[in-house]
Amino acid sequence: MRAARLIKMVLLLQARPSMTAAELARELEVSERTVARDVLSLSEAGVPVYADRGRTGGYRLIGGYRTSLTGLGRSEAEALFLSGVPTALREMGWADAASAARLKVSAALLPGLRDAATGAAQRFHLDAPGWYQQPEPPELLPAIAEAVRDDRRITARYLRKGTEVARELEPYGLVLKAGVWYLAARVAGDYRVYRVDRFTAVAAAAAEEGTTPAGGIEPAGPRDGRFDRDPSFDLPAFWAERAAEFARSILRAEVVLRLSADGVRLLPYVTDRAAAHEAIARARAAAGPDAQGRLTVTLAVESPEVAYAQLLALGPEGEVLAPAGLRERMAAAARRMAAGYG
């Protein structure tokens with residue numbers, strides 16, 4: 001365990017100019033005191049780790065030191081072959097590049113690990129789209145993926161509420177969510193999300209006109225159609241934040257329910273999972289179950305219409321108390337069901 005951690009520390013320092021003790025501790029999931037002990041062990045083993053003192057200091061390798069400890073173990077090799085979703089690579093037009101990369105990695109592995117690719121493929125398969133879908137990859141996805149990879153601005157036409165609008169975008173990243181592709185892009189300094197299947201046209205943005213500065217040296221960047229990427233942009237964190245915002249934004253109504261113990265257990269499976277857990281936690285903290293073991297919760301829902309369809313799945317384990325209109329609909333449905341079974 002410690003040997004693997006020391007190797008990982010060397011590889012981290014090899015990949016970055018310098019890292020603080022706090023950064024290393026976070027990456028290695030240990031304390032800063034353990035980092036200091038590990039650095040001392042590396043120095044004693046002949047690895048030239050140098051500590052810069054002061055507030056902006058950190059650890060770094062000196063003398064252009066490079067380690068040869070880059071061989072892959074079996075679990076690492078299998079994880080590498082599973083790191084991409086084959087369907088996603090194919091839809092973006094990168095299947096050939098991914099195939100070539102896998103062949104190169106396979107050729108570089110030790111003979112005893114050459115079966116890692118087939119071994120992983122026979123044991124794990126990543127199927128991104130949701131059930132009951134026949135996903136058709138958006139026609140413009142490969143062009144957008146190419147722009148994302150090259151940091152190139154694009155001019156695009158996009159369907160927004162039935163109206164086609166024109167935008168010039170800086171495409172930062174692509175996200176595949178339940179079989180649907182989304183583009184995270186910067187527009188006038190603001191980051192937004194677009195559904196890729198709503199783009200109707202995409203083209204590389206024209207290079208900006210300008211004069212050549214003194215000395216005749218052409219500047220890099222916007223003049224060739226590329227944009228300067230914000231190094232602090234974190235696609236997974238951005239997507240997680242926007243997804244949470246979206247989930248909250250569509251829950252605009254509330255219903256009050258009285259749930260049996262089984263109803264409490266079932267609620268997260270029939271409505272928004274996060275909203276259900278929040279409602280149950282609030283109810284337990286506020287009053288808890290009544291004498292019959294039933295819990296009264298206030299649940300955020302998209303609308304009474306959507307709640308009606310969802311809450312029918314609770315059957316007799318949930319009783320709608322409010323709003324009155326929804327309670328009446330649920331009671332009418334219960335009467336029709338009882339008549340049908342009568």
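**A three-stranded sheet, a buried arginine and the largest pocket**

In this predicted model, strand β8, which spans residues 253-259, pairs with β10 in the antiparallel sense, and four bridges connect the two strands. Within this pairing, R258 stands opposite E319 of β10.

The pair belongs to an open sheet of three strands, arranged in the order β9-β8-β10 with antiparallel pairing. The edges of this sheet are formed by β9 (295-301) and β10 (318-322), each of which pairs on one side only. On average, and with direction ignored, neighbouring strands of the sheet are turned by 35 degrees against each other.

Two helices lie across strands of this sheet. Helix α10, made up of residues 261-270, lies across β8 and β9 and runs at about 145 degrees to β8. Helix α13, made up of residues 324-341, lies across β8 and β10, and its course is at about 145 degrees to β10. Strand β8 is thus crossed by α10 and by α13.

Attention may now turn to an arginine in another strand. R186 is located in β5, the strand that covers residues 180-187. Is R186 buried or exposed? Its relative accessible area is 17%, and because this value is under 20%, R186 counts as buried.

The side chain of R186 takes part in polar contacts with two other side chains. One of these contacts, at 2.6 Å, is made with the side chain of E170; another, at 3.2 Å, joins R186 to the side chain of Y172. Which residues does R186 contact when its neighbours within four places in sequence are left aside? They are L169, E170, Y172, Y191, F227, D228 and D230. E170 and Y172 therefore appear both in this list and as polar partners of the R186 side chain, which is buried as a residue at 17% relative accessible area.

The final feature is the largest pocket, which has a volume of about 840 Å³. It is lined by 19 residues, and those closest to its centre are Y182, V193, Y194, R195 and F246. The elements that give two or more residues to this lining are β3 (154-160), β4 (163-177), β6 (190-195) and α9 (235-249). Which element gives the most to the lining of the largest pocket? The answer is α9, with six residues.

Key:
Residues are numbered from 1 along each chain as its sequence is written. This is a predicted model: local features need pLDDT of at least 70, side-chain atom pairs count only at pLDDT 80 or more; totals for chains, interfaces and linings use all residues. Side-chain values use heavy atoms; hydrogens and water are left out. Buried means under 20% relative accessible area, exposed over 50%, partly exposed in between (1.4 Å probe, protein chains only). A polar contact is a pair of N or O atoms within 3.5 Å; within protein, one must be able to donate a hydrogen and the other to accept it, and residues adjacent in sequence count only if both atoms are side-chain atoms. Contact means heavy atoms within 4.5 Å. Two strands pair if DSSP finds at least two bridges between them. Axes are lines fitted to C-alpha atoms, for helices over the stretch in contact, and angles run from 0 to 180 degrees between N-to-C directions. On a 1 Å grid over the protein atoms alone, a cavity is a set of points where a 1.4 Å probe fits but cannot get out, and a pocket is an open set with protein on both sides within 12 Å along at least five of seven lines; lining residues have an atom within 4 Å of a point. Grid points are joined across faces, edges and corners, and a volume is the space filled by probe spheres set on the points.
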